[in-house]
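Good morning, and thank you for making the time. I should like to take you through one structure, beginning with a few individual residues and then moving to the sheets and helices.

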Amino acid sequence: MNNKVLLDQLKEWRQHLHTFPETEFEEFKTAEFVAHKLKEMGYEVHENIGQTGVVGSLTKGNSSRSIGLRAEMDALNITELTELPYASNIKGKMHACGHDGHVVNALGAAKLISEELSFDGTVRFIFQPAEEHGQGAIAMIQDGLFERFPIDEIYGLHNMPQINLGEFHSKVGEIMASEDNFKITINGKGGHSSQPHLGNDPLVIAAEIILSLQTIVARKISPTDTAVVSCTDIQTDGIVNAIPSCVTITGDCRTYKKEVQLLIENSIKSISEKICEAHNAQCEVSYVNSFTPTINSEDCHNTAVKAAKQIVGSSKVNNATEPLMSSEDFGHFLEYVPGCFLFLGGRADKEDVYPLHHAKFDYKDDNLILAAKFFTEIVRLKLT
C-alpha cells in the first residue's frame, strides 16, 4: 500500500478515536471500533477479554510460533485544551497519553501484516483496557489471556514527547519502574489548639513519620539500587484553631526490584507503627502494589532494536536508553512471557513540548506509519 494512502487512513482512525475518548473499563466504543477493523482485515477476533479488551489473531502457515503485539486503549479524566478540530467531544475526558495513537499503531500493523506479509505462525494483537491505573493487564491475564491465546513473546511501545520525533529508544533489563501506593492513618486525640497538652497531636506525629520515611532510600537501600519514596498528600479532620484527631498520609513508591519493593513496604509499616507507639498513638498502614517493573529480555530487545533500525536507520535508534521511574502495566505481561517495551519519540523541532497527561498533549500522527511498520518488521524477523 502507498505510504501516503496508508498514513491518511491511519490519521483518520486516530483522530476519530481522539474525539471519542473512553476511560478505564469503559472502552466500549473503542473496543467495538478495533474489533470491526480487525474483522475487516480477516482476523479472528475475541472481545470482552478482561472486561473490555480485544484480541485479534491471524495465522499463516503451519508453525506453532506466536508473537503478541500490545496496545492500550484507555483515556484520562482530563479536560482537553488543545482546540484541535478533532478535540475530545466527551466532557472531562481526553487522550492525554497517546493511547489513541497506540491503538492505531497496532491497527496499522495489523493491516500491513494481513495484506502484505507472508509469515509462518500466529500474530496476536492485544488491545488492552485500563492501563492508566494498572488494572487492565491484570484483568486480561486473570481472564485467561495466555491460556486462551498462547504467545511466545510480546512487544509494546509508548510515545515519548521528550524524545526526538521518530526515534526508538530501548534497553535490556529494567526500563520502567514498579509503582506502589501507601496510606498511613494516624489516630491521636484532638482538642483546642491553645491546650495541646490535653491531647495527643497526630499532626506532629505525621510530620515525624514523613521525615523518617526519607531515611528508607537514604539509609536502608543499597546505593547501587534505585528507589523513590514520596509522601504526596496529607489530610486532617481539623480546623485552623483545633488540633485534629486523625491525620492521613498518602504516598507513592518506585523501584525496579521486588526485594526492594518488599523492603520499602516493611520499612514504611515499621517506621509508622514505632513512631506512633512512641507517642502513644495508633496507626493503620495500607500498602498496595499497583505496577510491577517493566523488564525487557535481552533476546526480545535485540529483535526490537534490529526491527527499529530497519525502519528508521541506526542513527535514530538508542539501544541503551535511560530507564524511567514512571510505570507501565506492560510489566505484568512480562512476568508470564519474555518481551520488549520501547519508547517512540514525538518531539518535533521548534515546538512547545507538552508532556504526557497534559491537557494540550496530542499524539504525533507522523509516527503512526513508523510504529505500524516497526511492529510488522518484528513479525517478519520472528516468523519468517
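Please look at F25, which is buried, because its relative accessible area is 18% and the cut-off for buried is under 20%. F25 sits in the loop that links α1, residues 3–19, with α2, residues 28–40. Its backbone also deserves a remark: F25 is not a glycine, and yet its phi is positive, at about 60°. Q51 is a further non-glycine residue with a positive phi, here about 80°. Q51 belongs to the loop between β1 and β2. Let me add that this is a predicted model, and that the values I quote were computed from it.

A second loop residue is D362, found between β16 and α11. Is D362 buried or exposed? With a relative accessibility of 18%, D362 counts as buried. Which side chains does the side chain of D362 meet in polar contacts? One partner is the side chain of R14, at 2.8 Å. Another is the side chain of Y86, at 2.5 Å. Leaving aside residues up to four places away in sequence, D362 touches R14, H18, L84 and Y86. R14 and Y86 thus appear both as polar partners of the D362 side chain and in that list of touching residues.

Let me turn to the sheets. As a general reminder, the strands of a sheet pair through backbone hydrogen bonds, in either a parallel or an antiparallel manner.

One open sheet has eight strands, in the order β1-β2-β4-β3-β5-β16-β6-β15, and its pairing is mixed. At its edges stand β1, residues 44–49, and β15, residues 317–318; each has a single partner strand, so one side of each is left without a neighbour in the sheet. Within the sheet, β5, residues 153–164, and β16, residues 339–347, run parallel and are joined by eight bridges. To pick out one position, G156 has F341 in β16 as its bridge partner.

Two helices lie across strands of this sheet. Helix α3, residues 99–116, crosses β2, β3, β4 and β5, and runs at about 160° to β4. Helix α11, residues 366–383, lies across β3, β4, β5, β6 and β16, and its angle to β5 is about 150°. The strands β3, β4 and β5 are therefore covered by α3 as well as by α11, given that a helix is placed across strands by contact, meaning heavy atoms within 4.5 Å.

Next, the largest pocket, which has a volume of about 380 Å³. Which of its lining residues are closest to the centre? Of the 19 that line the pocket, they are C97, E132, S326, S327 and H357. Which element gives the largest share of the lining? That is β5, with three residues.

There is also an open sheet of four strands, ordered β10-β12-β8-β13, with antiparallel pairing. Its edge strands, β10 at residues 227–236 and β13 at residues 282–291, each pair on one side only. On average, neighbouring strands here are turned by 15° against each other, with direction ignored.

Strand β8, residues 179–187, can be followed on both of its pairings. Eight bridges connect β8 with β12, residues 246–255, and the two run antiparallel. In β12, K183 stands opposite T250, and I186 has V247 as its bridge partner. Nine bridges connect β8 with β13, again in an antiparallel arrangement. There, the bridge partner of I184 is V285. Helix α8, residues 258–278, lies across β8, β10, β12 and β13, running at about 165° to β13.

I shall finish with one residue of β8, namely E179. Is E179 buried or exposed? E179 is buried, with a relative accessible area of 14%. Its side chain makes a polar contact of 3.2 Å with the side chain of N181. Beyond residues up to four places away in sequence, E179 touches D252, C253, R254, V288, N289, S290, F291 and S327. One of these, S327, was named earlier among the residues closest to the centre of the largest pocket.

That concludes the tour, and I welcome your questions.

Conventions. Residues are numbered from 1 along each chain as its sequence is written. This is a predicted model: local features need pLDDT of at least 70, side-chain atom pairs count only at pLDDT 80 or more; totals for chains, interfaces and linings use all residues. Side-chain values use heavy atoms; hydrogens and water are left out. Buried means under 20% relative accessible area, exposed over 50%, partly exposed in between (1.4 Å probe, protein chains only). A polar contact is a pair of N or O atoms within 3.5 Å; within protein, one must be able to donate a hydrogen and the other to accept it, and residues adjacent in sequence count only if both atoms are side-chain atoms. Two strands pair if DSSP finds at least two bridges between them. Axes are lines fitted to C-alpha atoms, for helices over the stretch in contact, and angles run from 0 to 180 degrees between N-to-C directions. On a 1 Å grid over the protein atoms alone, a cavity is a set of points where a 1.4 Å probe fits but cannot get out, and a pocket is an open set with protein on both sides within 12 Å along at least five of seven lines; lining residues have an atom within 4 Å of a point. Grid points are joined across faces, edges and corners, and a volume is the space filled by probe spheres set on the points.
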